[in-house]
Amino acid sequence: IAVCAYLFGSLSFAIIVSKVTLGKDIRNYGSGNAGLTNAYRTMGAKKTLFVLLGDIAKGAAAVSVGWALGGPVGKLTAGIFVILGHMFPLYFGFKGGKGVLVGAGAALATEPLVCAVLLGIFLIEVAVTRIVSLGSIIIAALYPVGTLINLIARGANAATIVFSTVCCVIMAAMVIWLHRSNIERLKNGTEYRFGQKK
């Protein structure tokens, strides 16, 4: 499950779409990140839509395979490793994106209600501040909390609650860790705002 999920995650759609449609590697432009915001700035909205759908789909697909092969433990294992694959893609020199979209796909397949709530929070934050990275960091931090509350509300047993929460904390920590340069720019007041001219 871990290997399959990692290989799914290694399909970096920002890199694939930029190479297929523009003949260039997105990591050589803009922020150098193979993620949604840089894809939008570099390729425009239409091409970025394929990145959005592709990265979410691979997260959901990996978790679905994990569930089919290993039940609850399998889906959470897949969630961790599909994010790792996205961050350190085997096919692209181990330099990928920050895991937000693929994490959203994994969350959608594991905890759709939590994912819907987090999406609402993300959209509100971006509408108010236009800072995508801040929204990504906030929802990553809230993901384990939302999962914990949801599991308790559903009456899950203690072992399931602890294991699921720990896995969600690991996923969230990986995403936040790769946003550390964004956190520095947020502290300095220099972080990019969506739609902002350079």
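How many salt bridges does the count come to? In this predicted model, the count comes to 5 salt bridges. Three of them are described here, beginning with a pair close to the start of the numbering.

Asp-25 is joined by a salt bridge to Arg-27, and the closest N and O atoms sit 2.7 Å apart. Are these two residues buried or exposed? Asp-25 has a relative accessibility of 12%, so it counts as buried, the cut-off being under 20%. Arg-27, with a relative accessible area of 14%, is buried as well.

The next pair belongs to helix 4, which runs over residues 45-87. Here the side chains of Asp-55 and Lys-58 meet in a salt bridge, at 3.3 Å from N to O. The two residues are 3 apart in the helix, or about one turn. Asp-55 counts as buried, as its relative accessibility is just 2%. Lys-58 is buried too, with a relative accessible area of 4%.

Helix 9 (residues 180-188) holds another such pair, Lys-187 and Glu-184, again 3 residues apart and about one turn of the helix from each other. The closest N and O atoms of this salt bridge are 3.3 Å apart. How exposed are the two partners? Lys-187 has a relative accessible area of 60% and is therefore exposed, since the cut-off for that is over 50%. Glu-184, at 40%, is partly exposed.

Lys-58 turns up again in the surroundings of Gly-9. Gly-9 has its place in helix 1, made of residues 2-9, and is buried, with a relative accessible area of 0%. Which residues does Gly-9 contact once its neighbours within four places in sequence are left aside? The contacts are Lys-58, Val-82, Gly-85 and His-86. Leu-84 is a further landmark for this spot: Gly-9 and Leu-84 are 75 residues apart in sequence, yet their C-alpha atoms are 6.9 Å apart in space.

Val-82, one of the contacts of Gly-9, also belongs to the largest nonpolar core, which has 25 residues. Val-82 is among the residues with the most contacts inside this core, along with Ile-83, Met-87, Tyr-143, Met-171 and Met-174. Which elements give two or more residues to the core? They are helix 4, helix 5 (100-110), helix 6 (112-129), helix 7 (132-153) and helix 8 (158-177). Helix 4 gives the most, with 7 residues. For a closer look at the packing, take Met-171: beyond residues up to four places away in sequence, Met-171 touches Leu-76, Gly-79, Ile-80, Ile-83 and Tyr-143. A second core, separate from this one, has 9 residues, including Ala-14, Ile-15, Ile-26 and Ala-39.

Ile-176 is also found in helix 8. With a relative accessible area of 26%, Ile-176 is partly exposed, so it falls outside the limit of under 20% that counts as buried. What does Ile-176 touch, not counting residues up to four places away in sequence? The list is Ile-137, Ala-140, Ala-141 and Ile-183. Of these, Ala-141 is 35 residues from Ile-176 along the chain, while 7.7 Å separates the two C-alpha atoms.

Terms used
Residues numbered from 1 in each chain as written. Predicted model: local features only at pLDDT ≥ 70, side-chain atom pairs only at ≥ 80, totals over all residues. Heavy atoms only, no water. Helix = DSSP H or I, 4+ residues; strand = E, 2+ residues; numbered from the N terminus. Buried < 20%, exposed > 50% of the residue type's maximum accessible area, 1.4 Å probe, protein only. Contact = heavy atoms within 4.5 Å. Salt bridge = Lys/Arg side-chain N within 4 Å of Asp/Glu carboxyl O. Core = buried A, V, L, I, M, F, W, Y, C linked by side-chain atoms within 4.5 Å.
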